[in-house]
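Here is a short walk through one chain, written to be read with the structure open beside you. Feel free to turn the view as you go.

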Amino acid sequence: MAGMSPLFRRKGGPAPQDRLVTLIGKPDCHLCEEAQEVVEKVCGDLGVPWEKQDITQDPRLHEQYWEQIPVVLVDGRQHTFWRVNEQRLRKALTD
């Protein structure tokens, strides 16, 4: 592997299909709808499972994230909030 091009070396992180993206938002939120479009596209392209959670249905999530929605978590860790950048999310899932 030492002589292999960096383009073909596996970085050692989990495979995209072993990751989990969580989108935290609420109904009738235009930023949440935009974030979902990006999450659906990136996760669909990479075969990454994703889930959606509603802060209006979970008091703990509401307390933690109400000022930041939409929030995207990757493997349970906060990746971003408000606006989701497609390239940045794709990189986080493939690195």
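## Thr 22 and its surroundings

Thr 22 is part of strand β1. The model is a predicted one, and in it Thr 22 has a relative accessible area of 4%, which is under the 20% limit and therefore counts as buried. Its side chain still finds a polar partner: a polar contact of 2.9 Å links the side chain of Thr 22 to that of Glu 51.

If you set aside residues up to four places away in sequence, Thr 22 touches Glu 51, Gln 53, Val 71, Val 72 and Leu 73. One name in that group returns when we look at strand pairing, since Leu 73 in β3 is the bridge partner of Thr 22.

## Strand β1 and its partners

Let us widen the view to the whole strand. β1 is mostly covered, with five of its five residues buried. Both of its faces are covered: Thr 22 and Ile 24 are buried on one side, and Val 21, Leu 23 and Gly 25 are buried on the other.

β1 pairs with β2 and also with β3. With β2, which spans residues 50–54, β1 runs parallel and shares five bridges; Gly 25, for instance, has Asp 54 of β2 as its bridge partner. With β3, β1 runs antiparallel, and four bridges join the two strands. A helix enters the picture too: β1, α1 and β2 together form a right-handed β-α-β unit.

## The nonpolar cores

Now for the packing. The largest nonpolar core has 13 residues, and the members that touch the most others are Val 21, Val 39, Cys 43, Val 72, Val 84, Leu 89 and Leu 93. Two or more residues of this core come from each of β1 (21–25), α1 (30–46), β3 (71–74) and α3 (86–94). Helix α1 gives the largest share, five residues.

Leu 89 is a good place to centre the view. Beyond its neighbours within four places in sequence, Leu 89 is in contact with Val 39, Val 42, Val 72, Val 74, His 79 and Val 84. There is also a second, separate core of 10 residues, and Ile 24, Cys 29, Val 71 and Leu 73 are among them.

## Asp 75 and the loop after β3

Next, follow the chain to Asp 75, which sits in the loop between β3 and β4 (77–81). Asp 75 is partly exposed, with a relative accessible area of 36%.

Which residues does Asp 75 contact, leaving aside its neighbours within four places in sequence? They are Asp 18, Arg 19 and Leu 20. The side chains of Asp 75 and Arg 19 are joined by a polar contact of 2.5 Å. Asp 75 and Leu 20 are 55 residues apart along the chain, yet their C-alpha atoms are separated by 5.0 Å.

## An aromatic pair

One last stop: the structure contains one aromatic pair. The rings of Phe 81 and Trp 82 have centres 4.7 Å apart and planes at 70°, so their arrangement is edge-to-face, as an angle over 60 degrees counts that way.

Are these two residues buried, exposed or partly exposed? Phe 81 is partly exposed, at a relative accessible area of 32%, and Trp 82 is partly exposed as well, at 44%.

Note on methods: Residues are numbered from 1 along each chain as its sequence is written. This is a predicted model: local features need pLDDT of at least 70, side-chain atom pairs count only at pLDDT 80 or more; totals for chains, interfaces and linings use all residues. Side-chain values use heavy atoms; hydrogens and water are left out. A nonpolar core is a set of buried Ala, Val, Leu, Ile, Met, Phe, Trp, Tyr and Cys residues joined through side-chain atoms within 4.5 Å. Buried means under 20% relative accessible area, exposed over 50%, partly exposed in between (1.4 Å probe, protein chains only). Contact means heavy atoms within 4.5 Å. A polar contact is a pair of N or O atoms within 3.5 Å; within protein, one must be able to donate a hydrogen and the other to accept it, and residues adjacent in sequence count only if both atoms are side-chain atoms. Rings of Phe, Tyr and Trp (its six-membered ring) pair if their centres lie within 6.5 Å; planes under 30 degrees apart count as stacked, over 60 as edge-to-face and the rest as tilted. Two strands pair if DSSP finds at least two bridges between them. A crossover is right-handed if, with the strands pointing away from the viewer, the path from the first strand over the helix to the second runs clockwise.
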